[in-house]
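The following exercises are to be worked through with the sequence and the coordinates at hand. Each task is followed by a solution in steps.

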Amino acid sequence: QSFQRAMLPKIMRLKEMVSTRSINLDIAVDGGIDLQTVQLVALAGANLFVSGTGIFKTPDYKKTIEEMRRIGESIR
């Protein structure tokens, strides 16, 4: 599935709803997550990222996963 920028405002609204109600909830995003899009969804409020081709189409899976984690954790 490709990344859909139109979902970013929805992620932001969900994050705001969760935060204002003090709900402990993970926000996961699946679809087109790669090294370019993981930062966008993390900035929008997601904290779990599901990636298939964004990892498996890279030459070094471990390095890609580590970089995605670093990006996601740096935004929290």
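Accessible areas come from the Shrake-Rupley method with a 1.4 Å probe. By this method the accessible surface of the protein chain comes to about 5500 Å², and 52% of that surface belongs to carbon and sulfur atoms. The model is a predicted one.

**Exercise 1. Fold and dimensions**

Task: Determine which order the elements of the protein chain follow from the N terminus on, and assess how its radius of gyration stands to the globule rule.

Solution:
- Step 1. The protein chain holds four helices and two strands.
- Step 2. Read from the N terminus on, these elements run α-β-α-β-α-α.
- Step 3. The globule rule gives 11 Å for 76 residues, and the radius of gyration of the protein chain is 13 Å, close to that value, so the chain is as compact as a globular protein of that length.
- Step 4. Along the principal axes, the C-alpha atoms fill a box of roughly 40 × 25 × 15 Å.

**Exercise 2. Burial, contacts and charges of the whole chain**

Task: State what share of the 76 residues is buried, what share of the contacts with a separation of 6 or more joins residues 24 or more positions apart, and how the charges are placed on average.

Solution:
- Step 1. A residue is buried when its relative accessible area is under 20%; buried residues make up 29% of the 76 residues.
- Step 2. Of the contacts with a separation of 6 or more, 49% are between residues 24 or more positions apart.
- Step 3. The protein chain has 11 positive and 8 negative charges, and their mean positions are 5 Å apart.

**Exercise 3. Two threonines**

Task: Establish where Thr64 lies and where Thr37 lies, and decide for Thr64 and for Thr37 whether the residue is buried or exposed.

Solution:
- Step 1. Thr64 belongs to helix H4, residues 61-75.
- Step 2. Thr64 is buried because its relative accessibility is 6%.
- Step 3. With neighbours within four places in sequence left aside, Thr64 is in contact with Leu35, Gly54, Ile55 and Thr58.
- Step 4. Thr37 is found in the loop between strand S1 (28-30) and helix H2 (38-44).
- Step 5. The relative accessibility of Thr37 is 9%, so Thr37 is buried.
- Step 6. With neighbours within four places in sequence left aside, the contacts of Thr37 are with Phe3 and Gly32.
- Step 7. Thr37 and Arg21 are 16 residues apart along the chain, and 27 Å separates their C-alpha atoms.

**Exercise 4. Salt bridges**

Task: Find how many salt bridges there are, and describe the partners of each by place and exposure.

Solution:
- Step 1. Side chains of opposite charge can pair when their charged atoms come close. With a cut-off of 4 Å from nitrogen to carboxyl oxygen, the count is two salt bridges.
- Step 2. One salt bridge joins the side chains of Glu66 and Lys62, at 3.8 Å from N to O. Glu66 and Lys62 both lie in helix H4, four residues apart, about one turn of the helix.
- Step 3. Glu66 is partly exposed because its relative accessibility is 43%, whereas Lys62, with a relative accessible area of 57%, is exposed.
- Step 4. Another salt bridge joins the side chains of Arg70 and Glu67, at 2.6 Å from N to O. Arg70 and Glu67 both lie in helix H4, three residues apart, about one turn of the helix.
- Step 5. Arg70 has a relative accessible area of 46% and is therefore partly exposed; Glu67, at 28% relative accessibility, is partly exposed.

Terms used: Residues are numbered from 1 along each chain as its sequence is written. This is a predicted model: local features need pLDDT of at least 70, side-chain atom pairs count only at pLDDT 80 or more; totals for chains, interfaces and linings use all residues. Side-chain values use heavy atoms; hydrogens and water are left out. The radius of gyration is taken over C-alpha atoms; the globule rule is 2.2 Å times the number of residues to the power 0.38. Buried means under 20% relative accessible area, exposed over 50%, partly exposed in between (1.4 Å probe, protein chains only). Contact means heavy atoms within 4.5 Å. Lys and Arg count as positive and Asp and Glu as negative; His and the chain ends are not counted. The place of a charge is taken as NZ of Lys, CZ of Arg, CG of Asp or CD of Glu.
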